[in-house]
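Subject: Structure handover and findings

Hi,

Here is the structure I promised to pass on. Please load it before you read further.

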Amino acid sequence: MAGVVCAWLRNDLRLHDSPVLHRAAALAKEKGIPALPVYVIDPRLFQRTRRGTWKTGPFRALFLLQSLRVLRRRLRKVGSNLLVKVGRPEEVLPSLLGNGSYLLTQQEVTSEELAVDGGVREALGGRAVWEYCWGSTLFHKDDLPFRPDLSDAPDVFTTFKNAVEPELAARVNEVPGTFQGKKTESKMRVRRCLPDVEEGSLPLPADLEIPDVELAWAVLPYSEVVEEPVPTEKAALQFVGGEEEALKRLKYYLWDTDLIAKYFDIRNGMLGGDYSTKLAAWLALGCISPRKIFEEIRRYEKARTSNKSTYWVLFELMWRDFFRFFAAKHGDGIFRRTAVAGGQRKWADDPQKFELWATGRTGYPLVDANMRELQATGFMSNRGRQNVASFLALDLDVDWRRGADLFESFLIDYDVTANWGNWLMAAGLGTGRVNRFNVIRQSKMYDEEGAYIRHWIPELAEVPTQFIHQPWMMSSSEKEWFHAEAYPRPCVDPNKFRETPEGKGKGGNMKRKEARKEEQRKPRS
């Protein structure tokens, strides 16, 4: 078997700004050998976890299939193709590589992925040169002002952000003064996007026949029968995987609607498709690169405007970087019960409480509406994620890892470092302060009229606004009148969330203080 440049694609399913494909094209030309883009569907990712959830739930699985179909079609347009194989990478990849081959892949940072890499390298036995490419973050790892092992990287986001990029440096909840009006110049140290893959630059092996089979649902190696999900009209957005849809969404949010210019003011919404960029799902599978988003934002700032909102989208991309490098620094610490904070915090082993939370039956409308949205669509707003995570870990005292595991299964936009990093911080196990959310107050602040709650909880569809956030305040006759008898009673005492005088009603000073305190929270989808 002759040598080949194998581009093993994983969470980088795109042609634009692709370090792996760009390097594969360069090596193929330099060495005069063919290039083979490959994606391996690993059966281990389609089994149940030890907590009983699917490692890859059906929403994300469908999004993956759609993304692979698009990637294969786009590769064919430039004279290449995508070989999709089902099996363990350490068994599949060596069989494709002869002596003198090269294997390129995007560098990951968490233990399961690194263990697979180790298995592949061992199985290769020196038959091929292994080469990592870095491509999942806005800032390249080599450009960070920290030691190569990241041992001195800050564990506090604002400190990290200000150290990595002076142009984004600002105190908590402030915006750099340069983000005002048209921003004609920027010295941000983000590497330029790599050129798109050129036609003919990835010549396939002449003796390899890639089967022209449909990437249908049945291809997925689930260990049990799992039905393909059916879209619901109630979803905030109909997510469709692939590079084309990602670029279309970016264009829509910036150039078609100017939504990015008011993002800061609308980002805490929960209903509809426009309150956030919704790019996280495409970022998670690498259908779009963070540098591509950055370059489009910079182009927008030059042509139209820069303000607190355009800054805040860059701010969210920095959160993604922070969690990626945080995980690289702490390794398996992000998966441990006590995470990186240590201590002796005890968590309740209460399957009943967890089930009420997971199925949206806690008796707290904001929590239940968000969990039902997740179960029905694979999506949840950032505001919702903060509240349900805080509720599970800090109010129900259930092991936060059960929540992170459920999110891993259901979320279309699951990203290992962002998901587990956000959860450990929600559980108060980071190195900063603990943010405990009052889910009643949050419900009144961010779903004031109860539209989101009514959208997802049919039992409360007829309940008036005065009771929608606290349905337990209704009398039995009122519950009957408003057809709310089927909605469960609170699973924990509502007095736990008793509001201070200044936090009553529509919020006043408390609302503003709450908003200011939480602006620095985790990245939005």
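Which residue just after α15 takes a positive phi? G428 does, at about 75°. Keep in mind throughout that this is a predicted model.

Helix α15

Start with the helix itself. α15 covers residues 416-426 and is mostly covered: eleven of its eleven residues are buried. Among them are W420, W423, L424 and M425. The list also includes T417, N419, G421 and N422. What do these buried residues pack against? They pack against four helices: α10 (308-330), α11 (351-358), α13 (382-395) and α14 (400-410).

Strand β2 and its neighbours

Next, the strands. β2 (residues 35-41) has a pairing partner in β1 and another in β3. With β1 (residues 5-8), β2 pairs in the parallel sense over four bridges. There, A7 has P37 of β2 as its bridge partner. With β3 (residues 83-86), β2 again pairs in the parallel sense, over four bridges. On that side, V38 is bridged to L83, and I41 is bridged to V86.

How is β2 connected to β3 in the fold? Helix α2 (residues 58-77) joins them in a β-α-β unit, and the unit is right-handed.

β2 is mostly covered too: seven of its seven residues are buried. A35, P37, Y39 and I41 point one way from the strand. L36, V38 and V40 point the other way. Why the split? In a regular strand the side chains alternate between the two faces of the sheet. Both sets in β2 are buried.

The largest pocket

This is probably the part to open in your viewer. The largest pocket holds about 1,200 Å³ of space. Of the 47 residues that line this pocket, the closest to its centre are L45, K55, E112, E113 and E408. By class, the lining has 19 nonpolar, ten polar and 18 charged residues.

Which element gives the most to the lining? That is α4 (111-124), with four residues. Several other elements each supply at least two residues: β2, α2, α8 (280-284), α10, α14 and α15. Strand β2 and helix α15, both described above, are thus on the list of contributors.

Cavities

There are also closed spaces. The count comes to six cavities of 30 Å³ or more. The second largest has a volume of about 60 Å³. Its lining consists of P471, W472, M474, K479, A484, Y487, P488, R489 and P490. How does that lining divide by class? Seven residues are nonpolar, none is polar and two are charged. K479 and R489 are the charged pair, because Lys and Arg count as charged.

An exposed loop residue

One last site. P148 is found in the loop between β5 (128-133) and α5 (157-164). Is P148 buried or exposed? Its relative accessibility is 70%, so P148 counts as exposed; the cut-off for exposed is over 50%. P148 and K329 are 181 residues apart along the chain. Their C-alpha atoms are separated by 9.8 Å. K329 falls within the range of α10 (308-330).

Best regards

Technical notes:
Residues numbered from 1 in each chain as written. Predicted model: local features only at pLDDT ≥ 70, side-chain atom pairs only at ≥ 80, totals over all residues. Heavy atoms only, no water. 1 Å grid on protein atoms, 1.4 Å probe; cavity = no way out; pocket = protein on both sides within 12 Å on 5 of 7 lines; lining within 4 Å. Points joined across faces, edges and corners; volume = space filled by probe spheres on them. Pairing = 2+ DSSP bridges. Right-handed = clockwise from strand over helix to strand, strands pointing away. Buried < 20%, exposed > 50% of the residue type's maximum accessible area, 1.4 Å probe, protein only. Contact = heavy atoms within 4.5 Å.
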